[in-house]
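Subject: Structure for you to look at

Dear colleague,

Here is the structure I said I would pass on. My notes on it follow below the model.

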Amino acid sequence: MDVPNPVPADAQDQTDKCPVDHGAALAPAAVNGEPARATRRMATPASALPGPKTLPALQILRYWKRPDWFVEQCREQFGSRFALRIRIPPRPLYVLSDPEDVKTMFMAPADVLHTGNGSATIEKFTGQTGLAWLDENPHNVRRRLIMPSMHGKALQRIEASIDKMAVAEIATWPRDRPVAMHPLIHRFTLNVIREVIFGRKGPSNWDELISVLIDMMSLNNRMASAAVIHKMSPKMVRRLARIKPLGLGDFFKQRARCDALIADAVKEHQATAELGDDMLSVLLKIKHEDGSPLTAVELRDEMMTIFLAGTETTASAIAWGFEYLSRNHEARERLIAEIDAGESDDYLTATVNEVLRLRPSIPQIIPREVMKPIEIGGVLFEPGMLLWASAYLLHRDPALYPDPDAFKPERFVGVKPGTYTWIPFGGGRIRCLGASIALIEMKVVFREVLRQHLLVRPEPGPEKTRSRSVSTLPANGPRMELRERTRASSLA
């Protein structure tokens, strides 16, 4: 979930002071009427960064079809910084994958880099009034108000609910036949977010709402999910909606139904005698400076942001976890032995960290728009440019992680992931607000599945990667067969 969370401790002192001198890259000032001698090299303009020369449409197609291969080929050819044109409409994205570059980007002040416009591709789901679209002080204020619904006592309640949900839902998953796991996982993550938003008692229309949410989010399987709809004319949007293979026409119908169901759920929640610590209760208590409450649109946008960001990302991570655990027998055996012993979760924690290293939920972090000139790694980025930190490339840097493509949870046993070298939840002031919830979900699902089942692959070899909006999935779900096991079962 690439929505904000508290600034890391080692970055808090930097929140009001930029770590770079925005004027340092400019020509030196004159002294006594004479030009000053340059005391440092001039920064390289970002427009000079290399990148593929192919047409934007072809770049979009290549990234959508083979996202991992495409960015890896770009880094191999152009280095750790390069420019892509894979947005609709086309606009350069400046990819950063060096840890020092990423650190500088994360530590930049809020008035230098904005994230709101970077969420343009998901606006069709989230609208433009929620936390993901706010910057600077409005962002900080809203974040501080929402935070209690995902931390402290609320988090304890959510964690207890996740444990119960996992037991109940996994018990309903098919056995002894291959199935695509992602749809099952996605439904589970939506039910978790129901608890986050509504508390212990979900809305009476939840069965219909979850069905509509799943149908609506299926747009993320199509290239049309990359379209920046709100930047297009109404006439263009109507034309695109009539092209059935794009799926936008059905999406708009489902979105309208979803909005109506959310509005009914809010009214039902408002009728509750006492508001609790769930997210909707917290939102209903928020007041604007003039004393007015959040509007119906603001409530809807915040809820849809967490419905989308809090489920797609976690479901992707869990799906990849099953993919790796089904193929890596030694790691799976060690994890099962730890689960059966019930004395520690050190290797389970390391497994989750390694899954998120290899497959960060959002492979390329939500773009940051430059509001004031900033120099990063000797490159000057001007206002209006978009910076794109690649968690995928950073996490596969062999200088940081030897044998980077291998699944080795042991690299995180007793080792805390680095703040700027492990960024599956973003970083700085924009680190995922629900990161703790996602980690709990992953650990609980892996534990509950492996406690009872063998993971059997119907086809040999790893699954390919496919895009699902801003995330990626194993191409077939992954396809997996769950077989009941006993502790004496062979895991080979």
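Glu-302 and Arg-142 are both buried in this predicted model. Their side chains meet in a salt bridge, with 2.6 Å from N to O. Glu-302 belongs to helix 12 (residues 296-327) and Arg-142 to helix 5 (residues 136-146), so the contact ties together parts that are 160 residues apart in sequence. The pair does not stand alone: Arg-142, Glu-298 and Glu-302 are linked in a network of salt bridges. The structure holds 22 salt bridges.

Two further salt bridges start from helix 12. One joins the side chains of Glu-312 and Arg-468, again at 2.6 Å from N to O. Here Glu-312 is the residue in helix 12 and Arg-468 sits in strand 11 (residues 465-468), so parts 156 residues apart in sequence are tied together. Glu-312 and Arg-468 are both buried.

The other joins the side chains of Glu-323 and Arg-457, at 2.9 Å from N to O. Glu-323 lies in helix 12, while Arg-457 is in the loop between strand 10 and strand 11, so this pair connects parts that are 134 residues apart in sequence. Both of these residues, Glu-323 and Arg-457, are buried as well.

Next, the sheets. Strands 5, 13 and 10 form an open sheet in the order 5-13-10, with antiparallel pairing. Strand 5 (179-180) and strand 10 (453-456) are at the edges and have a single partner strand each, so one side of each is left without a neighbour in the sheet. Strand 5 is joined to strand 13 (residues 479-484) by two bridges, and the two run antiparallel. Within that pairing, Val-179 stands opposite Met-480 of strand 13. Helix 16 (residues 435-452) lies across strand 10 and strand 13, and runs at about 95° to strand 10.

Strand 9 (residues 386-389) is covered on both faces. Which residues lie on each side of strand 9? Leu-386 and Trp-388 are on one side, Leu-387 and Ala-389 are on the other, and all are buried. This fits the general pattern: in a regular strand, side chains alternate between the two faces of the sheet.

Strand 9 also pairs in both senses. With strand 3 (residues 93-96) the pairing is parallel and runs over four bridges. With strand 6 (residues 368-370) the pairing is antiparallel, over two bridges. Leu-386 takes part in both: its bridge partner in the pairing with strand 3 is Leu-93, and Glu-369 stands opposite Leu-386 as well.

Some single residues are worth a look. Where does Thr-115 lie? Thr-115 is in the loop between strand 4 (113-114) and helix 4 (123-126). Its relative accessible area is 6%, under the 20% that marks a buried residue, so Thr-115 counts as buried. Leaving out residues up to four places away in sequence, Thr-115 touches Ala-132, Leu-134, Asp-135, Ile-366, Pro-367, Arg-368 and Ile-430. His-329 is not in that neighbourhood: from Thr-115 to His-329 the C-alpha distance is 41 Å, with their places 214 residues apart in sequence.

Val-237, in helix 9 (residues 234-241), is buried too, with a relative accessible area of 16%. Beyond its neighbours within four places in sequence, Val-237 is in contact with Ile-229, Met-232 and Phe-252. Val-237 and Gly-249 are 12 residues apart along the chain, and their C-alpha atoms are separated by 9.4 Å.

Leu-55 is a contrasting case. Leu-55 sits in the loop between strand 1 (44-45) and helix 1 (56-65). Its relative accessibility is 64%, and exposed means over 50%, so Leu-55 counts as exposed. Together with Leu-58 and Leu-61, Leu-55 forms a nonpolar patch on the surface, and the three have about 270 Å² of accessible area together.

Regards

Conventions:
Residues are numbered from 1 along each chain as its sequence is written. This is a predicted model: local features need pLDDT of at least 70, side-chain atom pairs count only at pLDDT 80 or more; totals for chains, interfaces and linings use all residues. Side-chain values use heavy atoms; hydrogens and water are left out. Two strands pair if DSSP finds at least two bridges between them. Contact means heavy atoms within 4.5 Å. Axes are lines fitted to C-alpha atoms, for helices over the stretch in contact, and angles run from 0 to 180 degrees between N-to-C directions. Patches are made of residues with over 30% relative accessible area and no salt bridge: like charges are joined within 9 Å, nonpolar side chains (Val, Leu, Ile, Met, Phe, Trp, Tyr) within 5 Å. Accessible areas come from the Shrake-Rupley method with a 1.4 Å probe; for residues, only the protein chains shown count as cover. A salt bridge is a side-chain nitrogen of Lys or Arg within 4 Å of a carboxyl oxygen of Asp or Glu. Buried means under 20% relative accessible area, exposed over 50%, partly exposed in between (1.4 Å probe, protein chains only).
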